[in-house]
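Reader: I would like a close look at one part of this model, the strand in the middle of a parallel pairing and the loop that follows it, with enough of the surroundings to place it. Please take the backbone exceptions and the helix contacts as well, and keep the reasoning explicit.

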Amino acid sequence: MTKFSFSRSDFPQDFIWGAATSSYQIEGHAFGGAGPTHWDTFAATPGNVVRAENGDTACDHYHRYEQDLDLIKDAGLDAYRFSTSWARVMPDGKAVNPDGLDFYDRLTDAMLERGLKPCATLYHWELPAALAVQGGWQNRDVAKWFGEFTHTIMGKIGDRMHSVAPINEPWCVGWLSHFLGHHAPGLRDIRATAHAMHHVMLAHGTAIGVMRDLGLKNLGGVFNMEWATPADDSPEAARAAELYDGYYNHFFLSGVFKGRYPDTVMEGLGPHMPQGWQDDFNVIQAPLDWVGVNYYTRKLIAPNTDPWPSHEEVEGPLPKTDMAWEIYPQGLYEFLKRTADTYTGTLPLYVTENGMAHACPAEDVDQPRIDYLQAHIAMARKAMDDGVPLKGYMIWSLLDNYEWALGYEKRFGLVHVDFDTLKRTPKASYQALAAALKR
Ligand code: FCB
C-alpha cells in the first residue's frame, strides 16, 4: 500500500484533521422539502453545467449520512466541515421547513455520537431561488435575509457547533458568479459584481453579529486564495498579477481586517459600488476567532487590451490536476505566511479546503492524490515551523461529489462514489490517510 510520509505525531496534539463537504454537492436537494436554489436555475439553463447535471440526488447523503460519518470517524479524522443549505431550511428564503432543521439537528448529534467536531459553514452557495429573483447578492437586503437564516439554523444547532463560518469563499460568490459567469447566477456584469462583492461582506459581518448575540463561540471566515504569478518579466505582467491578487486574495481579508478595499481593485469597481458602502465596515469588521484558507492552485496572469481588469489567465507549465489546475504547493505556504503577517497575526488559521480532482483507474490506486496532499501538508508544516499559528487541516473532499459547473466528473473524494448505485468505496488515499493519522 502506498503511504503518506507524515504522521499525526509530527503535528501538535491538538492539531485538528478534518474532511470537508458542502450541502448541495452531496445531500440530494430533491429530498426533505428543500426549495429551489439559484444553482437549480443555473443548471437547468443550457450551456452552464456539463450535461446539465444538478444536485437533485448527488451522493444521497441526506439518507446515508450515518454511513458517511462512519467513514470520517474510521479514517481517524477529528472534525467534519459541513454546510447548511439555506434553501433546505427556508425553501422560499423566509418560511422555515421543519424537516430541514431536523435534518441538521440529527446530523449534528450523529457527529457528536462519533466524537467528531462539527465545523459548520452557513452558506456554500445554495441561495433560495425566491431570493435570487429579488436580486440575490446584488440586493442589499440579502444581508438581512442571511441574518434571519443564520438566526434560524444556529438557534437550532449552534449550541453544539465546534466552529462556524458564515460564507464559503466570498470571491466565488462575488467575482466568479457575477463577473466571470461561471457559477450561479451566471452573470457577467461589473456593477452586479461590485454589489455582490460588498454585500457578501456585509452578510458575513451581519451573520457574525447574529451568532455573537446567540452566544456562539469560535466564529471565523473561510476565504479561497489563488497565487498569482506574472506570465513574464514585464512590468505590465507584474501589474496584471497584482490586480488579480487584489480582487481575488486581498479584497475580503482587507475588508474584514483593515476596513477598506484595495485601491487597485477600487479603480475598476469603485464607480459601480452600492451607495453608502463606505459606512458598512463597522459591520464587516466584526471580530473573528479564526480564519480558514481554501487553497488549490496558482494562475499565470498576462495583460491584455480588454477593458479593466485588462488581463487574462495563460496556461502554465506545471503538472495539472483533472481541473487543469497547476499543482503549486508553495502557494499554500505563501498564503499562510502572508495571511498571518499581513492580516491575522496570532489568530488561529486553518486550511479549510485542499485537495485534487483525479479519476483514479481503480480505487486502490490513487497515488497522485496522495502526492498532492503530501506536498501541501508539508507546506502547512513548514509554515508552522516558521511561526504561523496553523491549528488544523481539512481535505476537500470526503466523497466524490457534484463539482458545480463541471458536474459529476471531477472526482475530489477520498472515497469513491458510484453515481449509479451510490456505493461508497474508500480509495488508496483514504487508507493511507487513516494509517498516517494512527501513527
Ligand atoms: C472550492 C469549493 C468547493 C469545491 C472545490 C473544488 O472552491 O468551495 O465546493 O468545488 O473548490
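Author: What follows begins with one strand, moves to the loop after it, and then turns to backbone geometry and helix packing. The model is predicted, and the values below are computed from it.

The strand in question is β8, residues 349-353, which is mostly covered, since 5 of its 5 residues are buried. On one hand β8 pairs with strand β6, residues 290-303, in the parallel sense over 4 bridges, and within that pairing Gly292 has Tyr350 of β8 as its bridge partner. On the other hand β8 pairs with strand β9, residues 390-396, again in the parallel sense, here over 3 bridges, and Val351 finds its bridge partner in Tyr393 of β9. The chain passes from β8 to β9 by way of helix α14, residues 367-385, and these three elements make a right-handed β-α-β unit. As background for reading such an arrangement, side chains in a regular strand alternate between the two faces of the sheet.

The loop between β8 and α14 holds His358, which counts as buried because its relative accessibility is 14%, and the cut-off for buried is under 20%. Once neighbours within four places in sequence are left aside, His358 is in contact with Asp322, Asp366, Pro368, Arg369, Arg411 and Lys427. A further spatial relation concerns Gly413, which is 55 residues from His358 in sequence, while the two C-alpha atoms are 8.6 Å apart in space.

Thr321 also belongs in this picture, although Thr321 lies in another loop, the one between β7 (311-314) and α13 (330-344). With a relative accessible area of 9%, Thr321 is buried, and, not counting residues up to four places away in sequence, Thr321 touches Ile327, Met356, Ala357 and Tyr372. Of these partners, Tyr372 has a number that falls within the range of α14, residues 367-385.

The backbone exceptions can be read against a general expectation, namely that most residues other than glycine have a negative phi and that most peptide bonds are trans. One cis peptide bond runs from Trp308 to Pro309, with omega near 10 degrees, and Pro309 lies in the loop between β6 and β7. Another cis peptide bond joins Trp396 and Ser397, with omega about 15 degrees, and Ser397 is placed in the loop between β9 and β10 (415-417). That loop between β9 and β10 also contains Trp404, which has a positive phi of about 50 degrees although it is not a glycine. Trp404 is buried, with a relative accessible area of 3%. A positive phi in a residue other than glycine is found again at Ala52, where the value is near 55 degrees. Ala52 sits in the loop between α2 (38-43) and α3, and at 43% relative accessibility Ala52 counts as partly exposed.

Helix α3, residues 61-74, leads on to the helix contacts, for α3 and α5 pack at an angle of about 10 degrees with their axes 10 Å apart. An angle under 35 degrees counts as roughly parallel, and α3 and α5 are therefore roughly parallel to each other. The contact is made by His61, Tyr62, Tyr65 and Leu69 of α3 together with Asp99, Phe103, Arg106, Leu107, Ala110 and Met111 of α5, and these residues divide into 7 nonpolar, 1 polar and 2 charged. Thr108 is also found in helix α5, residues 98-113, and is buried, with a relative accessible area of 0%. Leaving aside neighbours within four places in sequence, Thr108 is in contact with Ile157, Arg160 and Met161.

The other helix pair is α8, residues 170-178, with α9, residues 190-213, whose axes come within 8 Å and cross at roughly 170 degrees. Angles over 145 degrees count as roughly antiparallel, and α8 and α9 are therefore roughly antiparallel to each other. From α8, Pro170, Val173, Gly174, Trp175 and His178 meet Ala192, Thr193, Ala196, Met197, Val200 and Met201 in α9, and the residues of this contact divide into 8 nonpolar, 3 polar and no charged.

How values were computed
Residues numbered from 1 in each chain as written. Predicted model: local features only at pLDDT ≥ 70, side-chain atom pairs only at ≥ 80, totals over all residues. Heavy atoms only, no water. Axes fitted to C-alpha atoms, helices over the stretch in contact; angles between N-to-C directions. Helix = DSSP H or I, 4+ residues; strand = E, 2+ residues; numbered from the N terminus. Parallel < 35°, antiparallel > 145°, perpendicular 65-115°, else oblique. Contact = heavy atoms within 4.5 Å. Nonpolar A, V, L, I, M, F, W, Y, C, P; charged D, E, K, R; others polar. Buried < 20%, exposed > 50% of the residue type's maximum accessible area, 1.4 Å probe, protein only. Pairing = 2+ DSSP bridges. Right-handed = clockwise from strand over helix to strand, strands pointing away.
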